[in-house]
Amino acid sequence: MAEGNRRYPPNLQGVLRLAVEAGTSADGHAPAVPMTEERKDFLRGVLAEMSKGQMNEVEQMKECLVVLSRPEVCARGRGEGDEGEEEEDEREAALELLSELCENLDNARDLMTLGGLDLCVSQCLCDAQSAVRWRSAQLIACCAQNMPEVQCHLLSKGALSTLLQLTDSDPHPTVRVKALYAVSCLVREQDAGLQAFLSEDGFSVLMRGMQSDNEKLRTKSAFLLLNLLRAHPEQTDTVVSMGMVQQLVAVLRSPHSSFHEHVLGALCCLVQQCPRGLQDCRSRELGLDELLTQRASDLQDRDECQEELDFCMSLRAACFHGRQHDDNGMDR
């Protein structure tokens, strides 16, 4: 193909690939082909456009922060005329745009530098409008995910405490779910986040979440508990000492739900990692053996519940396999 007919890639990934190809041949052995002036000009132009695009995104973020930080908007809630409703819509749209932009990790870091995350923690998470609160939590989660620098900044601003409070007691169900999502992004694979979580009694918040009437909150609470126990077995004794075994079994006695799979998984962790957890599960007053036997029977031949059934059988084997024989020996 002639150089003049070459089709060049429109994005940065393609530009980088083209730059690599300019330095190596197709088979990796032939000497590099000198870059033509046309290709050099093209690369300069695309890189300039990419830089311009990044600057444009930073400007968009700045404009969003102007909207969110207007004192007259922050002080006035929805329901005070059309103007107030339009202003609230602007704030919600600004938070939505910021979440979209911050899927780019560089933008998430820039938002932190611009003070946007501080604004979210100090004002937006505490806003009178639930739509602003949950979008703020969503933005924090988006920025914090897999970004240790951002996570540490948010932890230093007390974000985790506010998010746990929202998870625990916000009157709006979506706020509670989004807040817990943000909590997860701050504590998973983040040692400082875990320590802050422990100091804020985060495991109790998860327990109450599993006992709520919000199905999504129950599921996400149980899932986070299971993942934390798997990642941090050293916390098992702490969790068991809180009476978590009894609480989880009580949750299993509620009407069956798909999140019970995570509850059974958490109980398996407590049994495998803590002698007291095993002892608590074996308590006759708890009646766990009969509960697991009935649950296993109910789940038979239900393909969609196979993982839950596996947890159920593993837990029963760990707690009660051979126990009948031991009890009979004691009776004699």
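How exposed is glutamate 215, and what is its relative accessible area? In this predicted model, glutamate 215 is partly exposed, with a relative accessible area of 34%. That value falls in the partly exposed class because buried means under 20% and exposed means over 50%.

Glutamate 215 lies in helix H13. Beyond its neighbours within four places in sequence, the residue touches Ser257, Ser258 and Phe259. With serine 257, the link is a side-chain to side-chain polar contact of 2.6 Å. Phenylalanine 259 is 44 residues away from glutamate 215 along the chain. In space, the C-alpha atoms of these two residues are 8.4 Å apart.

Helix H13 (215-231) also takes part in the packing around helix H11. Helix H11 spans residues 191-199, and its buried residues are Gly193, Leu194 and Phe197. These three lie on the same side of H11, because they cover an arc of only 100° around the axis. The spacing fits a general rule: an α-helix has 3.6 residues a turn, so residues three or four places apart point the same way. Asp191 and Ser199 are exposed, and they sit on the face of H11 turned away from the buried side.

The buried residues of H11 pack against five elements, listed here by residue range: helix H8 (148-156), helix H9 (159-169), helix H10 (173-187), helix H12 (202-210) and helix H13.

Both ends of H11 show local features. At the start, a side-chain oxygen of glutamine 190 comes to within 3.1 Å of the backbone nitrogen of alanine 192. Just after the helix, aspartate 201 adopts a positive phi of about 60°.

Terms used: Residues numbered from 1 in each chain as written. Predicted model: local features only at pLDDT ≥ 70, side-chain atom pairs only at ≥ 80, totals over all residues. Heavy atoms only, no water. Buried < 20%, exposed > 50% of the residue type's maximum accessible area, 1.4 Å probe, protein only. Helix = DSSP H or I, 4+ residues; strand = E, 2+ residues; numbered from the N terminus. Arc of directions from axis to C-beta. Contact = heavy atoms within 4.5 Å. Polar contact = N/O pair within 3.5 Å; in protein donor to acceptor, adjacent residues only side chain to side chain.
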